[in-house]
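Biologist: Could you give me a close look at one part of this protein, the surface around its tryptophans? Please take your time, and then connect that part to the rest of the chain.

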Amino acid sequence: MNIIKNTMVIAALCFAFYSADTFSKEYKIVLIHGFQPQQLISDGDVSESGQNYWNGYWDNLSDARIDWPSYERIEEKIATDYIWPKLKAFSESDFCSPGCIFVTHSTGDLVARYIIENQETWLENAGLAPLNIVATFDIAGAGGGSELADLAVSVAQGTESWTFIIESALEAWLGGQLSDEMGVLHDLKVNNARQLAPLPDARIPRLRFVADASDFLGVTSPFIQGHDDGVVGSHSSCGGNRQGHYGSCSSQVDFNGKVSNQGNAVSGFMPYHYPMLMSKDYAHLSVLEQQHKGKVTAASNHENLLSGEGVHFDTYTQTTGWWLWKSNYLYVENSNEDSMSTLIYDAIPN
């Protein structure tokens with residue numbers, strides 16, 4: 001019996017060590033969620049809403065979250081009441097001493113840029129050490145704003161005529177009728193977003209992960225410039241330095257993986273913004289989930305973190321057709337079965 005018990009204890013310890021090793025990463029993962037339209041109608045609990053936002057995959061893999069309410073503005077209460085206390089606690093506990101990776105979604109991209117612009121000054125002025133942020137992984141990033149926010153604000157202010165098509169688009173996006181509360185929607189307007197902390201001094205890499213399908217049956221797409229994921233256009237999610245009708249993050253590969261010249265690709269990027277993965281099969285919301293939707297291609301398969309360590313995706317080429325009709329497609333290894341979020345997490349250094 002003692003032998004059996006000892007064997008069981010050793011097996012349990014081995015499993016625990018294996019599990020910890022399997023799910024541990026070299027860097028701390030900090031989640032920053034996106035716009036939550038339901039908060040414009042009912043405030044709710046900010047922390048609970050933040051946790052619910054990531055339920056399904058990322059929440060169990062992260063070390064911390066920065067939660068914020070959509071009914072406030074980034075430069076106002078979001079900064080003072082929600083961002084600053086988290087940054088202060090991180091610094092006081094040396095949380096980011098091994099290095100932090102901010103994983104953002106949608107408007108979280110814009111929030112992260114504001115943090116990158118200000119965190120060093122804020123913390124040093126408080127007598128604290130700045131955070132060691134080695135990169136952000138921006139999924140369906142809205143750092144360049146969304147035309148849907150322009151539309152929503154214009155309708156609310158009466159400068160845009162209300163039509164059935166506009167009503168359908170906004171209700172699909174917001175999950176209900178437009179309220180009088182605008183909050184962060186003002187920051188999400190394209191011009192406003194692009195003027196918010198546009199040129200941070202910090203050289204933190206912003207790695208981009210981009211979707212090209214729609215969660216809303218395409219009803220929002222007519223109001224968004226270029227290819228879009230149902231909420232943000234490729235000019236924003238790719239990290240383009242200006243708004244435009246873009247078709248890809250790469251001049252050499254399409255969203256569907258086809259290797260060919262992309263004449264309408266994003267031609268200029270915001271500083272230190274690097275598109276990595278793209279897919280025509282994932283949409284703004286589904287890109288966060290563990291469910292596989294389709295194959296993923298790479299605008300770039302290797303970029304370095306601020307620490308110098310690399311983030312790498314193995315790729316392969318698949319050829320279809322024959323002779324004049326032959327085409328080459330570039331795909332990321334394991335993307336035929338793993339979700340894009342799984343691919344992203346697995347690429348974070350252990």
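Modeller: Happy to! One term comes up straight away: helices and strands here are DSSP runs, at least four residues long for a helix and at least two for a strand, and they are numbered from the N terminus. Please also keep in mind that this is a predicted model.

With that numbering, Trp325 sits in the loop that runs between strand E10 (315-320) and strand E11 (327-332). Is Trp325 buried or exposed? Its relative accessibility is 59%, and the cut-off for exposed is over 50%, so Trp325 counts as exposed. Trp325 is one member of a nonpolar surface patch, which also takes in Trp322, Trp323 and Leu324. Together these four residues have about 640 Å² of accessible area.

Now let's place that patch on the whole chain. The accessible surface of the protein chain is about 15,800 Å², and carbon and sulfur atoms hold 48% of it. Of its 350 residues, 51% count as buried. The chain has ten helices and eleven strands. Its radius of gyration is 21 Å, close to the 20 Å from the globule rule for 350 residues, so the chain is as compact as a globular protein of that length. Along the principal axes, the C-alpha atoms fill a box of roughly 80 × 65 × 40 Å. Among contacts in the chain with a separation of 6 or more, 71% are between residues 24 or more positions apart.

From the exposed Trp325, we can turn to some buried residues, beginning with the cysteines. How many disulfides does the structure hold? There are two, and with the bonded cysteines numbered in sequence order, the pairing is 1-2, 3-4. As a reminder, a disulfide is a covalent bond between the sulfur atoms of two cysteines.

One disulfide joins Cys96 to Cys100, with an S to S distance of 2.1 Å. The torsion about this S-S bond is about -90°, so the link of Cys96 and Cys100 is left-handed. Buried means under 20% relative accessible area; Cys96 has 3% and is therefore buried, and Cys100, with 0%, is buried too.

The other disulfide is formed by Cys238 and Cys249, whose sulfur atoms are 1.9 Å apart. This pair links distant parts of the chain: both Cys238 and Cys249 are in the loop between helix H9 (234-237) and strand E6 (273-279), eleven residues apart. The Cys238 and Cys249 link is left-handed, with -75° about the S-S bond, and both cysteines are buried.

Ser91 gives us a buried residue within a helix. Ser91 belongs to helix H3 (residues 74-92), and with a relative accessible area of 8% Ser91 is buried. Leaving aside residues up to four places away in sequence, Ser91 touches Leu123, Leu128, Ala129 and Leu131.

Finally, Asn192 gives us an in-between case. Asn192 is in helix H8 (residues 190-195) and is partly exposed, at 31% relative accessible area. Again setting aside residues up to four places away in sequence, Asn192 touches His186 and Asp187. Asn192 and Asp150 are 42 residues apart in sequence, and their C-alpha atoms are 9.6 Å apart in space.

Key. Residues are numbered from 1 along each chain as its sequence is written. This is a predicted model: local features need pLDDT of at least 70, side-chain atom pairs count only at pLDDT 80 or more; totals for chains, interfaces and linings use all residues. Side-chain values use heavy atoms; hydrogens and water are left out. A disulfide is a pair of cysteine sulfur atoms within 2.5 Å. Buried means under 20% relative accessible area, exposed over 50%, partly exposed in between (1.4 Å probe, protein chains only). Patches are made of residues with over 30% relative accessible area and no salt bridge: like charges are joined within 9 Å, nonpolar side chains (Val, Leu, Ile, Met, Phe, Trp, Tyr) within 5 Å. Accessible areas come from the Shrake-Rupley method with a 1.4 Å probe; for residues, only the protein chains shown count as cover. A salt bridge is a side-chain nitrogen of Lys or Arg within 4 Å of a carboxyl oxygen of Asp or Glu. The radius of gyration is taken over C-alpha atoms; the globule rule is 2.2 Å times the number of residues to the power 0.38. Contact means heavy atoms within 4.5 Å.
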